[in-house]
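Subject: structure handover

Hi,

Here is the structure I said I would pass on. Have a look at it first, then read my notes underneath.

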Amino acid sequence: MNYLDKIIASKIEELKYEKSVLSVDELKDMISNMPPTTPFAESIRVRNGIIAEFKRKSPSKGIIHNDISPRDVVPYYEKAGVSAVSVLTNREWFGGEIKDLKDASESVGIPILRKEFIVDSYQVYEARAFGASAILLIAAVLERSQARDLAAIAKELGMEVLMELHGEDEFGYIVDGVTVAGINNRNLKTFEVDLEHSVRMSRMLPDELPKISESGIRSVDDMRFLRERGGFDGFLIGENFMCSSDPGRACIEFCKSIDWR
């Protein structure tokens with residue numbers, strides 16, 4: 001099995017436990033008391049375009065920053081001027097938990113993106129109940145009908161959808177409810193990264209949606225390359241900040257160096 005197959009298999013097992021702890025009806029009760037979500041696509045356009053990620057480990061790097069809470073990091077991300085915060089909630093492979101969403105959303109006023117391998121409607125309700133403004137859907141792990149149904153639930157709950165694409169055969173996944181289109185530079189089967197992949201794919205994305213390049217972005221020069229060559233509006237950056245001893249400070253210093261002139 002490749003990385004992706006292993007992650008999805010473990011996610012399905014993890015979901016069985018999560019559903020036994022908190023039912024969909026309980027999630028819906030929680031949602032009824034939630035405030036409105038913060039606009040995600042709009043924030044990408046009006047702030048600096050960076051989606052700064054919070055994660056503790058990854059399949060390719062192992063443990064990155066284990067003993068840390070979103071409350072220790074994400075307020076500094078907001079101070080840096082980022083457009084949104086991405087929170088990894090996958091437990092086995094990324095060291096996350098659903099509570100991280102709540103901690104992050106209660107710490108900042110900018111949108112929170114739940115980054116997870118979402119394959120079940122339960123996870124969409126869970127995202128809204130714990131404070132997400134948007135969810136990531138990955139075309140590579142979904143049938144097109146699944147993507148349509150999950151995006152529709154997200155829209156009904158007031159959330160936006162970042163649809164992540166990897167290949168040219170996935171452009172049909174830009175369905176109703178998708179407000180942001182993303183290209184992942186990381187091959188989910190091998191975890192190798194290629195920034196040129198975003199540039200090649202960007203020309204096929206709809207102009208009306210903000211375009212996000214994801215993974216492997218380590219410098220302002222990388223962002224400039226993707227912006228100028230691919231027309232990208234936003235950039236999802238994770239390990240570059242989280243590998244630092246002080247992720248919040250690393251993000252602030254990085255954002256100070258951005259100059260699009």
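Below is what I found, going from the whole chain down to single residues.

First, a caveat: this is a predicted model. Everything that follows should be read as a description of that prediction.

**The chain as a whole**

The chain contains 12 helices and 10 strands. Its radius of gyration comes out at 17 Å, close to the 18 Å that the globule rule gives for 261 residues, so the chain is as compact as a globular protein of that length. If you want box dimensions, the C-alpha trace spans about 50 × 40 × 35 Å along its principal axes.

Of the 261 residues, 57% are buried. For contacts with a separation of 6 or more, 69% are between residues 24 or more positions apart. On the outside, the chain exposes about 11100 Å², and 47% of that comes from carbon and sulfur atoms.

For the charges, I count 34 positive and 43 negative side chains. The centres of those two sets lie 3 Å apart.

**The core**

The largest nonpolar core is made of 93 residues. Which residues have the most contacts inside it? They are I50 and Y77.

I50 is a good place to start looking around. Setting aside its neighbours within four places in sequence, I50 is in contact with V82, S83 and A84, then with M223, F235, I237 and F241, and finally with F254, C255 and I258.

**The loop between β9 and α10**

Two serines caught my eye in this loop. S215 sits between β9 (211–214) and α10 (220–230), and it has a positive phi of about 80 degrees although it is not a glycine. Is S215 buried or exposed? At 12% relative accessibility, which is under the 20% cut-off, it counts as buried.

S219 is in the loop between β9 and α10 as well. With a relative accessible area of 24%, S219 is partly exposed. If you want a long-range distance from there, S219 and K57 are 20 Å apart, C-alpha to C-alpha, with their positions 162 residues apart in sequence.

**Helix α10**

I picked out two residues in this helix. D221 lies in α10 and is exposed, with a relative accessible area of 55%. From D221 to K61 the C-alpha distance is 23 Å, and the two are 160 residues apart in sequence.

F225 is also placed in helix α10, and at 23% relative accessibility F225 counts as partly exposed. What does F225 touch, not counting residues up to four places away in sequence? The list is L195, E196, V199 and G230. For one of these, V199, the C-alpha separation from F225 is 8.9 Å, and the pair is 26 residues apart along the chain.

**After the last helix I looked at**

D259 is in the segment after α12 (247–256). At 29% relative accessibility, D259 counts as partly exposed. The C-alpha atoms of D259 and L113 are separated by 25 Å, and these residues are 146 apart along the chain.

If you load the model, I would start at I50, which shares the top spot for contacts inside the core with Y77, and then go to S215 for its positive phi.

Cheers

How values were computed:
Residues numbered from 1 in each chain as written. Predicted model: local features only at pLDDT ≥ 70, side-chain atom pairs only at ≥ 80, totals over all residues. Heavy atoms only, no water. Helix = DSSP H or I, 4+ residues; strand = E, 2+ residues; numbered from the N terminus. Rg over C-alpha atoms; globule rule 2.2 N^0.38 Å. Buried < 20%, exposed > 50% of the residue type's maximum accessible area, 1.4 Å probe, protein only. Contact = heavy atoms within 4.5 Å. Areas by Shrake-Rupley, 256 points an atom, 1.4 Å probe, with all protein chains shown as cover. Lys, Arg positive; Asp, Glu negative; His and termini not counted. Charge placed at Lys NZ, Arg CZ, Asp CG, Glu CD. Core = buried A, V, L, I, M, F, W, Y, C linked by side-chain atoms within 4.5 Å.
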